[in-house]
Amino acid sequence: AFGGCTGLTTINIPDSVTSLDQSAFHNCTSLTSVTIGSGCTTIGSTCFGNCGNISTFTCKATTPPTLGVTVFGDTTVGVIYVPAQSVNAYKSANRWSDYSSIIQAIPS
């Protein structure tokens, strides 16, 4: 949908969106901030692949969305913020666990 939009720096996905398709934001090389609403249940493969450096990635879903393969392939992510009550669930969830060292509670 937005793949290759090199001018895109911030994404705010509303709570009503339940799924992010494969490669939806692939090659958005200027992307630095992503916020995904509470309704998201699936993030497709390479959705945020080759996006350079995403400094903050916030996912408001209390249940960790299912992640496709290499969602963040060739992308550096500084910190992943999730709901405080869900930090441990994210840290142990399939594929999210690969990022457990950078998963933190959403600052209040």
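No disulfides turn up here: the count for this predicted model is zero. The cysteine pair to look at is C40 and C59. From the sulfur of C40, the closest cysteine sulfur is that of C59, and at 5.7 Å the gap is too far for a bond. A disulfide would need the two sulfur atoms within 2.5 Å, so C59 ends up in no disulfide either, its nearest cysteine sulfur being the one in C40. In general terms, a disulfide is a covalent link joining the sulfurs of two cysteines.

Both cysteines are tucked away from the surface. C40 comes out as buried, with a relative accessible area of 3%. For C59 the relative accessible area is 0%, which puts this residue in the buried class too.

Next up is the strand pairing around β7. Strand β5, residues 52-59, runs parallel to β7, and six bridges hold the pairing together on paper. One of the contacts can be pinned to residues: T56 has V79 of β7 as its bridge partner. Strand β8, which covers residues 103-105, is also parallel to β7, this time with three bridges. Here I80 sits opposite I103 of β8.

So how enclosed is β7 itself? The strand spans residues 75-82, and six of its eight residues are buried, so the rest of the structure largely encloses it. As a general point, side chains in a regular strand point alternately to the two faces of the sheet. In short, β7 pairs in parallel with β5 and with β8.

Notes
Residues are numbered from 1 along each chain as its sequence is written. This is a predicted model: local features need pLDDT of at least 70, side-chain atom pairs count only at pLDDT 80 or more; totals for chains, interfaces and linings use all residues. Side-chain values use heavy atoms; hydrogens and water are left out. Buried means under 20% relative accessible area, exposed over 50%, partly exposed in between (1.4 Å probe, protein chains only). Helices (H or I, at least four residues) and strands (E, at least two) are DSSP runs, numbered from the N terminus. Two strands pair if DSSP finds at least two bridges between them.
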